[in-house]
Amino acid sequence: MNKKEANVYKKITTHVLQEMKLKGEKIAMLTAYDFSMAGLLDQAGIDVILVGDSASNVMAGHTTTLPITLDQMIYHASSVMRAVKRALVVVDLPFGTYQGNSKEALNTAIAIMKLSGANAVKIEGGSEIIESVDRILSAGIPVMGHLGLMPQSIHKFGTYVVRATEDDEAQKLIEDAHLLEKAGCFSIVLEKIPAKLGGQVTQEIRIPTIGIGAGSDVDGQVLVLHDMLGITQKFSPRFLRRYHNLSEEIQGSVRAYIQDVKTQNFPNEREQY
Ligand code: KIV
């Protein structure tokens with residue numbers, strides 16, 4: 001897609017995503033957690049920016065997404081919102097801020113929308129959280145669902161392997177996707193499930209599906225920015241395509257800087273007053 005085509009839509013809304021599904025135009029989504037990166041992604045023409053709770057891993061260095069707090073998510077989301085003009089910005093409801101009851105979930109969603117200015121929220125789960133989804137939606141807040149591998153439930157799953165390979169779990173996932181659609185979600189993330197199941201869900205529901213390790217027959221794709229840019233080094237699931245090796249480039253630049261400082265090659269005549 002050239003620059004002109006990428007900017008056909010002046011502002012991406014949930015309605016535009018629906019239109020893209022109807023037209024068969026794939027949706028490109030990436031995560032971002034700060035002003036500088038979000039601005040670069042937006043200017044490059046990304047459709048959706050997810051302020052994911054993966055910030056807990058790639059920004060804060062935790063091994064799971066569980067520790068990140070609501071205040072921290074709002075901090076990341078506000079930084080992203082200051083940079084973004086065109087993309088739709090979706091923010092994860094962090095672990096422990098919505099599972100109590102639907103009122104708690106609503107309050108969390110309202111805090112995110114009010115304090116960050118984001119466009120929508122994302123919430124992990126199906127039938128278990130449908131009452132919360134209903135309540136958030138009835139406050140006029142757009143909701144993106146998230147099924148399949150749900151990193152906030154890692155201690156229940158016990159492992160990050162592919163989900164829904166067995167019939168029972170696949171059937172529940174399909175039912176949950178229908179439930180989320182019926183409730184009024186505008187889109188659903190499908191994480192790490194068989195490609196065939198990703199395609200089946202995408203065929204069966206009218207709202208766009210965004211896959212991460214869910215094959216090619218979904219309506220869009222999402223990756224964690226630090227993974228696709230090669231900033232993270234050890235995380236290498238099969239679904240991840242690295243578009244760059246930034247860790248090497250950054251370290252190369254830092255080594256060159258250290259060398260210049262040590263050898264008094266920096267600053268030179270033109271770099272001082
Ligand atoms: O937090 C996140 O980055 C996510 C994506 C992996 C979909 O939920």
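**Entry 1: backbone**

I take helices as DSSP runs of H or I with at least four residues, numbered from the N terminus. With that convention I placed Ala164 in the loop between helix H8 (154-157) and helix H9 (167-183). I looked up Ala164 for its phi, which is near 60°, a positive value in a residue other than glycine. I note that the model is a predicted one.

I then turned to the peptide bond from Phe266 to Pro267 and recorded it as cis, with omega near -5°. Pro267 belongs to the segment after helix H12 (246-262).

**Entry 2: the ligand and its shell**

Which residues are around the ligand? I listed Thr31, Leu50, Gly52, Asp53, Ser54, Asp92, Lys122, His146, Val189, Glu191, Ile212 and Val224. By class, I find this shell to hold 4 nonpolar, 4 polar and 4 charged residues.

I next examined polar side-chain atoms against the oxygen atoms of the ligand. For Ser54, I noted a polar side-chain atom at 2.5 Å from a ligand oxygen. For Lys122, an N or O atom of the side chain is 2.9 Å from an oxygen atom of the ligand. For Asp53, the corresponding entry is 3.0 Å, again between a side-chain N or O atom and a ligand oxygen. I also recorded the cover: on its own the ligand has 260 Å² of accessible area, and the protein covers 96% of it.

**Entry 3: the largest pocket**

Where does the ligand sit? I find that the space it takes is the largest pocket. I recorded a volume of about 680 Å³ for this pocket. Its lining counts 32 residues, of which Ser54, Asn57, Val224, Asp227 and Phe235 are the closest to the centre. Two of these names, Ser54 and Val224, I had already entered among the residues around the ligand.

For the elements, I noted that helix H4 (55-58), strand E4 (120-124), strand E6 (187-191) and strand E8 (220-223) each give two or more residues to the lining. I divided the lining of the largest pocket into 14 nonpolar, 11 polar and 7 charged residues.

**Entry 4: the second largest pocket**

How much space lies in the second largest pocket? I recorded about 570 Å³. I found 23 lining residues here, and those closest to the centre are Gly213, Gln221, Val222, Leu223 and Phe239. Strand E1 (27-31), strand E7 (209-212) and E8 each contribute two or more residues to this lining. Strand E8 had also appeared in my entry on the largest pocket, as one of the elements of that lining.

Which element gives the largest share of the lining of the second largest pocket? I entered E1, with 4 residues. My division of this lining by class is 16 nonpolar, 4 polar and 3 charged.

Conventions: Residues numbered from 1 in each chain as written. Predicted model: local features only at pLDDT ≥ 70, side-chain atom pairs only at ≥ 80, totals over all residues. Heavy atoms only, no water. Near = heavy atom within 4 Å. Polar contact = N/O pair within 3.5 Å; in protein donor to acceptor, adjacent residues only side chain to side chain. Areas by Shrake-Rupley, 256 points an atom, 1.4 Å probe, with all protein chains shown as cover. 1 Å grid on protein atoms, 1.4 Å probe; cavity = no way out; pocket = protein on both sides within 12 Å on 5 of 7 lines; lining within 4 Å. Sits in = over half its atoms within 2 Å of the grid points. Nonpolar A, V, L, I, M, F, W, Y, C, P; charged D, E, K, R; others polar. Points joined across faces, edges and corners; volume = space filled by probe spheres on them.
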